Amino acid sequence: MTGYRVTSELAHVHQAARKDRDKQFTALLHHVTLDSLRQAYLNLSRTAATGVDGVTWHAYGEDLEVNLQQLLDRVHRGVYRAKASRRVFIAKTDGRQRPLGVASLEDKVLQSAVVSVLNAVYESDFMGFSYGFRPGRSQHNALDAVAVGIYIKKVNWVLDADIRGFFDAIDHECLLRFVEHRIGDKRILRLIRKWLSAGVMEDGRWHASTTGTPQGATASPLLANIYLHYVFDLWAHQWRSRQARGDMIIVRYADDIVVGFQHREEAERFWQDMAQRLSEFALELHPDKTRLLQFGRYAAQNRIRKGLGKPETFDFLGFTHICGKSRAGQYQIKRQTSRKRLVAKLVQVKEVLMRHRHKSIPEQGTWLRSVVRGYFNYHAVPLNFAALTKFRWEIGRIWRRTLQRRSQKHKMTWARFCRLSERWLPKPRIIHPWPRERLCVSNPR
């Protein structure tokens with residue numbers, strides 16, 4: 001992948017990390033400067049939720065230079081104290097609640113600046129099949145890698161793995177030992193320890209955090225990647241090199257892992273070894289979300305010959321992957337928006353529209369246009385046009401019912417609503433290239 005670009009100030013750090021994979025960096029905090037803090041502040045969302053201190057982006061920026069200078073002084077004098085994260089919950093596609101930790105704005109700024117420094121080191125270490133929360137890499141890069149890997153390799157079996165409660169199960173001491181392999185700057189290590197032990201505030205009460213790293217914190221994705229780099233990535237790469245006899249592909253995005261195999265016995269052995277490896281570091285595979293399925297170029301005919309019906313499908317990053325055929329009868333992987341993702345988004349839109357049904361049609365239409373456009377920006381991949389059309393139609397149906405409930409006097413006729421739909425709801429079109437086209441640009445090898 002060629003997407004990572006390092007700043008000139010950190011170029012020598014990145015080059016040293018690439019040159020010597022065993023080098024330990026003992027002086028990094030001086031790269032956290034007033035300029036890097038300012039850039040970190042400007043990169044934050046203007047409308048993000050506030051932490052326990054209630055400070056907004058705009059309020060902090062009213063006296064920005066003074067606030068950043070005071071933060072920098074506290075950090076370099078060693079008197080900086082991390083604030084607890086504010087616990088919030090968001091709905092998951094399966095109906096459960098996902099806990100998130102909202103850090104204070106000042107903690108976000110500092111974490112972002114430190115992460116930029118650490119990325120200069122770890123981007124030279126991380127494996128090529130790791131895609132989650134890395135600069136220059138996206139979910140679609142991971143999706144492309146899965147599709148192209150299954151196409152060009154002799155993949156007949158897919159292990160769809162998920163680590164149960166990963167972000168909440170990270171062992172702090174193990175994580176710090178992993179970080180110390182590369183980072184010898186005691187001041188950076190103390191900052192990470194402060195962030196990990198800051199705890200969370202929920203309903204006005206403080207709760208200690210002895211394990212895990214809060215989802216939503218700026219430093220959490222990098223720390224999670226470091227943890228899995230040592231726990232899974234290096235081990236999986238070694239397993240593939242030493243034990244796999246057939247073709248094997250690996251793609252990891254955070255704690256979602258897809259591994260493809262040529263031979264079933266190797267897939268079963270890897271599954272067993274992987275579970276044992278994770279257990280050594282207080283992690284476990286989710287029993288309901290981890291499964292081995294027959295998938296690939298010959299899956300359909302092999303299952304039909306055994307009387308097993310159509311090949312099974314698997315979900316990865318919001319798309320259901322299906323063994324299909326092109327119009328010419330050739331093998332083709334079809335990626336369709338997963339039903340859980342579609343339903344969850346429609347429920348969310350319906351709830352918001354019902355709360356804001358008193359607003360004017362242009363206000364509602366403007367918001368819905370942004371929702372539909374954002375949905376298409378992610379899901380408009382080749383062969384997914386039917387799902388995009390269904391999403392737009394369902395959004396229109398929900399909007400029409402909402403408008404009908406606003407008044408008993410003025411009915412919303414289909415003719416009038418079709419005019420509104422044409423004006424405000426973007427029409428679906430495929431905007432993403434085919435997986436191999438984009439992968440050949442981002443990874444020329």
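Two strands count as paired here if DSSP finds at least two bridges between them. The close-ups below all come from a predicted model.

**View 1. A four-stranded open sheet with antiparallel pairing.** Going across the sheet, the strands come in the order S6-S7-S3-S8. Strands S6 (248-253) and S8 (291-294) sit at the edges with a single partner strand each, so one side of each has no neighbour in the sheet. From one strand to the next, the twist averages 15 degrees. Zoom in on S3 (residues 157-162) and you'll find four bridges joining this strand to S8, with the two running antiparallel. Val158 is a handy landmark there, standing opposite Leu293 in S8.

**View 2. Helices H6 and H10 against the sheet.** Helix H6 (residues 139-152) packs on the sheet and touches S3, S6 and strand S7 (256-261). The direction of H6 makes about 165 degrees with that of S6. Helix H10 (residues 220-242) lies across S6 and S7, and H10 runs at about 175 degrees to S6.

**View 3. Arg303, a buried charge without a salt bridge.** This arginine belongs to helix H12 (residues 299-305). Which side chain of opposite charge is nearest to Arg303? That would be Glu312, 4.3 Å away; a salt bridge needs a side-chain nitrogen of Lys or Arg within 4 Å of a carboxyl oxygen of Asp or Glu, so this pair doesn't make the cut. Leaving aside residues up to four places away in sequence, Arg303 touches Gln294, Leu308, Gly309, Lys310, Pro311 and Glu312.

**View 4. Tyr41 and Tyr60, a tilted ring pair.** This is one of 21 aromatic pairs that turn up in a search of the whole structure. The ring centres of Tyr41 and Tyr60 are 6.0 Å apart and the planes meet at 40 degrees, so the pair counts as tilted. Tyr41 comes from helix H2 (residues 34-43) and Tyr60 from helix H3 (residues 57-61), so the pair ties together parts 19 residues apart in sequence. Both rings belong to buried residues: Tyr41 has a relative accessible area of 2%, and Tyr60 has 6%.

**View 5. Phe261 and Phe270, plus an aromatic cluster.** Phe261 and Phe270 make another tilted aromatic pair, at 5.4 Å centre to centre with 55 degrees between the planes. Phe261 is buried at 0% relative accessible area, and Phe270 also counts as buried, with 0% relative accessibility. Also worth a look is the single aromatic cluster formed by Phe166, Phe167, Phe178, Tyr227, Tyr230 and Phe281.

**View 6. The S10 and S11 hairpin.** Strand S10 (residues 319-325) pairs with S11 in the antiparallel sense, over seven bridges. Cys323 stands opposite Ile333 in S11. Five residues lie between the strands of this hairpin, and Gly329 takes a positive phi near 85 degrees. Is S11 (residues 331-337) largely enclosed or largely open? Five of its seven residues are buried, so the strand is largely enclosed by the rest of the structure.

**View 7. Lys390 on helix H15.** Lys390 lies in H15, which spans residues 385-404. With 39% relative accessibility, this lysine counts as partly exposed. Leu342 is 48 residues away from Lys390 in sequence, yet the C-alpha to C-alpha distance is 9.4 Å.

Key:
Residues numbered from 1 in each chain as written. Predicted model: local features only at pLDDT ≥ 70, side-chain atom pairs only at ≥ 80, totals over all residues. Heavy atoms only, no water. Axes fitted to C-alpha atoms, helices over the stretch in contact; angles between N-to-C directions. Contact = heavy atoms within 4.5 Å. Buried < 20%, exposed > 50% of the residue type's maximum accessible area, 1.4 Å probe, protein only. Lys, Arg positive; Asp, Glu negative; His and termini not counted. Phe/Tyr/Trp six-rings, centres within 6.5 Å; stacked < 30°, edge-to-face > 60°.
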